[in-house]
Amino acid sequence: MDVAAEPSPDEHTVEEEDECDHSFILKDDIGYVCRVCGVIKRSIETIIEFQYSKAARSTRTYHYEGRSVKDIGPTELLLDGIISSDDIDMTEICVHPRHRKQMKSHQVEGFNFLVSNLLRDKGGCIMAHAPGSGKTFMIISFLQSFMANNDRARPLVVLPRGILATWKKEFLRWQVDEIPLYDFYSVKADNRSQQLEVLKQWSQERSVLFLGYKQFSTIVCDNVGSTTAAACQEILLKCPSILILDEGHTPRNQDTDVLTSLEKVQTRLKVVLSGTLYQNHVKEVFNILNLVRPKFLKLETSRSIKRTILSKVASSNRRNLLKKSNDNDFYELVEHTLLKDDNFSRKSAVILGLREMTEKVLHYYKGDFLEELPGLVDYTVLLKLHPKQKSEVAELKKLGRKFKISSEGSAVYVHPQLKSLSRNYSVKDRVDEEKIDKLLENLELREGVKAKFYLNLLQLCESKGEKMLVFSQYLLPLKFLERLTVRTKGYNLGKEIFMITGDSDSESRESSMERFNTSADARVFFGSIKACGEGISLVGASRIIILDVHLNPSVTRQAIGRAFRPGQERKVYTYRLVASDSPEEEDHATCFKKESIAKLWFEWSESYAQPDFEMETVDINNCEDLFLESSRLNEDVVALYKR
């Protein structure tokens, strides 16, 4: 957050100055001042030829490399008069009466949090609300009020391409007055000249621009070879008065084009929306914090808390951490303490410190509204492998490469006959349905424990009139089960069976979702766990099979959220299938530990005697889930755990 008044020289110690990589901006009443620590490089009295001009005022929050093209020409005129985040003088806006009637309490609280951060503090923030909790509606309501108070505001929404249609549909549903919505896909703007025309229209009228993450980073990181490309970059970096990042955990990895390009957008008003903020590592969360509040750990409010955390958890072999610790040391220490430290007081100190450090910029909502739904039962099912599968698992362990073990294993755990196809199949290859059909001609189903579990559960769903979702991170197992279902049940694709993969276009996605949710004939929906993890509602289903273990547990949580969300009328049962005594069981244990970090950071409180997030072992014979009382399912179940 920028300093509001000139600090006294005594407030800054040598230690603080040494650890700050100064980022100076011009304040017309102070001079050149570091926006991070407040050090004044040059006071206003010494700037002899200072002339204030809003259009020329610097709003950079990063080290700008300079232009690749000396004379941008028309772009300068195009950007003239566009409002910057520093020029926004409003500090209060209200929820529109139409929206307020529909808002839940957590959405009103979130709206006020946005006002506090964006308008009063002039800084970015993170909205970490549970999947399905209405983040899109909340931010659309905020943008409507934000734009109603300033005709020159130009919001930019960067999001996964697959959920663009959902955003535009929601915007049209909730708009109070008509606001043009621009994107490159609907007008097929594929080259820079076509894209520049769209960007010009957006910059010249009160409107909203939508871009995919890959689209945005490709344009910004393009090696500028023409004035057209340079103009596209200039508009994207200077025009946005507010930047919205949906599924904002996407740009979490340091030094990637996506993150570095978003850091270059000059507005300080950046909002990250995420239902699964913590993905794999503590460092990734801080990368996102640095995006919305540059040099987050070096901000005055963060530095003191960081020192407190280090002083409480640093042991004798970490004495130098207090004096010379860098950010990476801090991230690793936090992660180690939350995952492996058995000392409750140290773990508590880290949790409370993280909460205090992030409470003003991170708004967390667990999803209490989900308690209004019929319920969620989340099982981890350990399945006993067939002897033929066990012999293949022994061979898997010799592969060495983690990805190869995971991809081939996912196929073998479904059925060992898939090994021959998986060995000659790469992620970019299309699955040969004819080869699968030929394989099915002489298939011994009992040899594949996951295939058998799937068919038995599908039969039980059919008898109870329930629909089922099947998610996997690999296409081959999904295609195999699809063809197996066609062969054994006589189902047809598009009537009883539906599938969404990364290759599915937005129209087919919307059509498949609509028919699956509404058609009485629909039975099973197969989905790539990544392609179906965002912006999709499949509330027609009440049974979910997670076919394999994804090393990023938040991806699995997103997939479960496709069915367990508002609109669901049945109790949802999830079965996470894990092959026992295999590398997959080890991956499952790792993922469970990762999930515990998110729970500790965002959900645990001092009211708990101990932070306990262990799974509960369920007696299969006395399970509340009637489906698992079937002997056809029980015979392969080694253990059943309930989260």
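Which residue in strand 9 does Ile-244 stand opposite? The partner is Val-271, and the pair belongs to the four bridges that join strand 8 to strand 9 (residues 270-274), two strands that run parallel. Two strands are taken to pair if DSSP finds at least two bridges between them. Helices (H or I, at least four residues) and strands (E, at least two) are DSSP runs numbered from the N terminus.

A word on the model comes next. This is a predicted model, in which local features need pLDDT of at least 70, side-chain atom pairs count only at pLDDT 80 or more, and totals for chains, interfaces and linings use all residues. Residues are numbered from 1 along each chain as its sequence is written, and side-chain values use heavy atoms, with hydrogens and water left out.

Taken as a whole, the chain has 25 helices and 18 strands. Of its 643 residues, 56% are buried; buried here means under 20% relative accessible area, exposed means over 50%, and partly exposed is what lies in between (1.4 Å probe, protein chains only). The chain exposes about 29,100 Å², with carbon and sulfur atoms supplying 45% of that area. These areas come from the Shrake-Rupley method with a 1.4 Å probe, and for residues only the protein chains shown count as cover. Contacts (heavy atoms within 4.5 Å) reach well along the sequence: of those between residues at least 6 apart, 77% join residues at least 24 apart.

Back to the sheets. Strands 8 and 9 sit in an open sheet of seven strands, ordered 6-7-5-8-9-4-10 with parallel pairing. Strand 6 (181-182) and strand 10 (362-365) are at the edges, each with a single partner strand, so one side of each has no neighbour in the sheet. Helix 5 (residues 135-148) lies across strand 4 (125-129), strand 5 (155-159), strand 7 (208-212), strand 8 and strand 9, and runs at about 170° to strand 8. Helix 7 (residues 192-204) lies across strands 5, 6 and 7, at about 145° to strand 7. For these angles, axes are lines fitted to C-alpha atoms, for helices over the stretch in contact, and the values run from 0 to 180 degrees between N-to-C directions.

Strand 11 (residues 376-383) is mostly covered, with seven of its eight residues buried. Strand 11 pairs with strand 16 in the parallel sense over eight bridges, and Leu-376 has Val-572 as its bridge partner there. With strand 18 (residues 637-642) the pairing of strand 11 is antiparallel, over five bridges; in that strand, Leu-640 is the bridge partner of Val-381.

Helix 12 (residues 300-313) makes a handy length check. At 1.5 Å a residue its 14 residues should span 20 Å, and the end C-alpha atoms are 21 Å apart, which agrees. The expected span is 1.5 Å times one less than the number of residues. Buried residues in helix 12 include Ile-305, Ile-309 and Leu-310, along with the charged-type names Arg-303 and Lys-306.

Side chains of opposite charge can pair when their charged atoms come close. The structure holds 31 salt bridges, each being a side-chain nitrogen of Lys or Arg within 4 Å of a carboxyl oxygen of Asp or Glu. Asp-625 bridges to Arg-543, with the closest N and O atoms 3.0 Å apart. That pair links distant parts of the chain, 82 residues apart: Asp-625 is in the loop between strand 17 (616-617) and helix 25 (631-634), and Arg-543 is in strand 15 (residues 543-546). Asp-625 is buried at 0% relative accessible area, and Arg-543 is buried at 4%. Elsewhere, Glu-433, Asp-437, Lys-479, Glu-482 and Arg-483 are joined into one network by salt bridges that share partners.

Glu-408 and Lys-404 form a salt bridge at 3.7 Å between the closest N and O atoms, and both lie in helix 17 (residues 402-414), four residues apart, about one turn of the helix. Glu-408 is buried at 2%, while Lys-404 is partly exposed at 23%.

Two loop residues have unusual backbone angles, given that most residues other than glycine have a negative phi. Phi of Glu-247 is near 50°; Glu-247 lies in the loop between strand 8 (242-246) and helix 10 (257-263) and is buried at 8% relative accessibility. Asp-581, also not a glycine, has a positive phi of about 55°. Asp-581 lies in the loop between strand 16 (572-579) and helix 24 (583-602) and is exposed, with a relative accessible area of 63%.
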